[in-house]
Amino acid sequence: MAISPRSDATFSNQKSTPSESPRTKKFPLTEEEIFYMNCRAAYLTVFKSSLENIISKDQLYLALQHAGRNPSQKTINKYWTPQTAKLNFDDFCIILRKEKPTSKAELLKSFKQLDVNDDGCILHTDLYKFLMKRGEKMTREEVNAIINLTDVNADGKFDYIKFCKLYMTTNEQCLKTTLEKLEVDSKMRRHQFGNHIEGSPERDPSPVPKPSPKIIRKTDQETFSNKGDTRSSLLSATRKFKTSVSFTITMGANGNRNSKLTEPNLIKDWQYMQSKGCFFLEEDGEIISHQYRMQIAQRSMVYLTIKPLNLSQVEGKPSPWLSVDTALYILKENESQANLQLVCFTELRNREVFGWTGELGPGIYWLIPSTTGCRLRKKINPVTDEAQLVYRDQTGKLFLTKEFKSTLSDIFEVIDLDGNGLLSLEEYNFFELRTSGEKCDEDAWAVCRDNFDTKRNELTRQGFMDLNLMEANDREGDPCDLWVTLHSMGYNKALELTEACPFVIDIYAEKCKPKIKAVHMEACSGQLEKAICKSVLSKGDAKVMDGYENIIVHTYSCDTWITSVIENKSDEKVIIHINNELSKNCVNNRGLNIFAVEVGPKSTMVCQHVMPLNERQEWIYYCIYSLIS
């Protein structure tokens with residue numbers, strides 16, 4: 001805002017997305033650049049840096065798989081001979097040029113040789129014979145893993161048409177996932193990838209890389225031919241999916257369910273505190289929100305709720321944030337902020353209100369708001385018509401439009417965290433950090449107090465309006481700064497709140513006055529991710545990947561949403577393929593029916609949240625989790 005110093009660079013950073021650069025805007029990527037970008041994405045899925053070397057056959061096999069190839073053992077042996085000690089990134093690029101991705105037509109042709117009935121299926125008995133006795137043989141355990149893939153096997157038959165579709169989709173999604181990961185991470189984009197550096201648009205096209213001396217010898221020229229037999233392609237393709245597990249959950253229509261959340265008796269006699277906050281959707285899809293510390297002076301029954309904040313709604317204007325799911329995780333602080341223990345979360349619901357009732361001992365608690373991201377997400381169709389924010393009268397004097405003033409009044413409601421109708425410096429600074437990335441210091445606040453309407457050293461609603469009008473006057477009526485503020489607060493060009501969800505937290509305590517204070521505005525990850533994983537592991541259903549007892553899929557379901565967490569107890573990272581195609585009336589937070597996730601060694605991660613598209617209809621969650629590598 002006007003009372004905080006801002007530079008032009010600040011505004012340009014606010015308006016540009018992390019995934020866009022002047023290079024990609026002005027000059028479309030060449031085929032050569034796309035090739036190297038895909039190479040980098042695959043390589044950095046296996047290694048931390050493209051300066052690292054491949055030092056084993058297993059690493060080469062995994063990197064080629066991430067690049068969408070199907071390396072048979074024969075193919076691996078071509079490039080990793082007894083004399084090979086290591087391969088670098090440039091060697092990897094050369095291999096990818098020679099080993100073309102397997103096409104769907106090639107896979108179908110391979111399987112069709114065994115399709116005696118020409119019905120798109122192969123009997124399991126024939127599949128055993130082919131894979132265990134011919135060509136590059138597989139073990140019985142490996143073939144069992146294929147037959148146990150639930151979405152491509154039924155009635156003693158292997159549906160190779162479905163498998164080919166699943167396989168090709170998995171390759172595409174794995175590549176898309178790695179490219180997105182590469183794009184979002186700005187540090188990765190600044191890496192020197194082998195001999196190729198992302199540079200200015202004026203540079204010459206990337207030269208062909210020089211391989212290490214050990215990779216090409218005269219006798220190797222034949223090995224670069226792309227003849228490979230179809231049986232090897234089939235073998236490597238079937239090895240892509242090692243094992244799978246599925247979940248099926250049928251949920252009734254929530255609109256017809258009886259509410260589970262009820263207020264405690266005599267709650268009107270309990271002591272009460274309230275605080276507001278907001279979920280904000282970032283450009284990369286990440287969600288950030290306020291986080292709070294709560295103090296309970298003595299052991300007491302406590303009733304906690306969270307719900308979307310009901311703002312003044314203009315007739316005919318949508319209010320999409322009111323349908324956003326909200327939850328609150330309560331963590332106990334033990335000795336330090338780094339040592340937080342999950343106590344509970346608000347899993348009970350009554351309409352739009354989520355709550356929890358229970359006894360809490362004296363101490364400091366952290367309240368971390370959460371939303372699944374199923375409904376708070378980027379809109380596909382952007383608004384093109386821009387609302388008018390300011391206008392001039394006949395004398396040339398500048399005024400805020402009625403619609404903009406209404407929007408500013410709603411923003412005031414959101415940032416007035418304690419709901420007293422005034423903005424303290426602390427409350428205003430949350431707003432400043434969100435919209436400009438800077439804080440307003442005491443001196444600037446004193447200037448604000450001298451020039452705008454305040455009460456008890458806090459800014460009034462009218463003072464907030466006048467502050468925005470002054471900013472428009474400073475720019476001679478140019479609303480660009482005002483739009484930076486509005487977009488940061490989640491509003492689109494039509495002044496609709498589409499990329500934020502304000503909420504209100506209510507706390508009742510039976511025996512003491514609870515205290516609550518907003519202390520951070522951070523990404524909904526870190527402590528929240530740990531809390532969600534812990535709650536799902538303790539309350540959800542668990543299924544172990546067949547043959548891989550260290551890989552466990554945990555699924556928790558309540559009336560409103562389903563959350564899955566993948567637990568990897570092994571010492572190696574794993575990649576899990578997720579297929580939701582058979583789910584009905586469902587939407588997930590990733591926006592994809594098919595995708596892949598990477599789970600680090602000795603770790604757990606939230607895989608997906610799923611909610612009904614239409615709560616008044618039955619919804620069926622059917623998800624298949626397959627281990628790729």
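## A walk from strand β24 to a few buried corners

I576 stands opposite L627 in β28. That pairing is a handy way into this model, which is a predicted one. Four bridges tie β24 to β28, the strand made of residues 619–627, and the two run antiparallel. On the β26 side, β24 (residues 574–579) is held by six bridges, again with the strands running antiparallel. If you want a residue pair to look for there, take V574, whose bridge partner in β26 is V599.

Now zoom out to the sheet as a whole. Its four strands come in the order β6-β28-β24-β26, with antiparallel pairing, and the sheet is open. The edges are β6 (243–251) and β26 (594–599), each of which pairs on one side only. Ignoring direction, neighbouring strands here are turned by 20° against each other on average. As a reminder, strands in a sheet pair through backbone hydrogen bonds, in either a parallel or an antiparallel fashion.

What about the two faces of β24: are they buried or exposed? In a regular strand, side chains alternate between the two faces of the sheet. For β24, one side carries V574, I576 and I578, the other carries I575, H577 and N579, and all of these are buried. With six of its six residues buried, β24 is therefore largely enclosed by the rest of the structure. Notice that H577 and N579 sit on the covered face with I575.

Carry on along the chain from β24 and you reach N585, in the loop that leads to β25 (586–588). N585 has a phi near 55°, a positive value in a residue other than glycine. Its relative accessible area is 17%, so N585 still falls under the 20% cut-off and counts as buried.

A second loop residue makes a good companion to N585. L495 lies in the loop between α17 (480–488) and β19 (500–509). Its phi is near 60°, once more positive in a residue that is not glycine. L495 is buried too, because its relative accessibility is just 2%.

Next, turn to helix α14, which covers residues 425–435. This helix is mostly covered, with nine of its eleven residues buried. The buried set consists of L425, E427, Y428, N429, F430, F431, E432, R434 and T435. Just after the helix, G437 takes a positive phi of about 80°.

E427 is the residue of α14 to linger on. Which side chain of opposite charge is nearest to E427, and how far away is it? The answer is K276, at 7.6 Å, and buried E427 has no salt bridge. What the E427 side chain does reach is the backbone nitrogen of D418, at 3.0 Å. Setting aside neighbours within four places in sequence, E427 is in contact with I415, D416, L417, D418 and L422.

From there, step back along the sequence to helix α13 (residues 402–415), where you'll find S409. S409 is buried, but its relative accessible area is 19%, and the cut-off for buried is under 20%. Which partner does the S409 side chain pick for a polar contact? It's the side chain of R461, at 2.8 Å. Beyond neighbours within four places in sequence, S409 is in contact with R461 and M465. The chain also brings S409 to 8.7 Å from S312, C-alpha to C-alpha, although the two are 97 residues apart in sequence.

The last stop is T401, in the loop between β16 (398–400) and α13. T401 is buried, with a relative accessible area of 9%. Not counting residues up to four places away in sequence, T401 touches Q388, L389, V390 and Y391. Within that group, Q388 offers its backbone oxygen, which the T401 side chain reaches at 2.9 Å. Y391 is ten residues from T401 along the chain, and their C-alpha atoms are separated by 6.6 Å.

Looking back, two of these stops make an easy pair to view side by side. The E427 side chain reaches a backbone nitrogen, that of D418, while the T401 side chain reaches a backbone oxygen, that of Q388. S409 goes for a side chain, that of R461.

Terms used:
Residues numbered from 1 in each chain as written. Predicted model: local features only at pLDDT ≥ 70, side-chain atom pairs only at ≥ 80, totals over all residues. Heavy atoms only, no water. Pairing = 2+ DSSP bridges. Axes fitted to C-alpha atoms, helices over the stretch in contact; angles between N-to-C directions. Buried < 20%, exposed > 50% of the residue type's maximum accessible area, 1.4 Å probe, protein only. Lys, Arg positive; Asp, Glu negative; His and termini not counted. Salt bridge = Lys/Arg side-chain N within 4 Å of Asp/Glu carboxyl O. Polar contact = N/O pair within 3.5 Å; in protein donor to acceptor, adjacent residues only side chain to side chain. Contact = heavy atoms within 4.5 Å.
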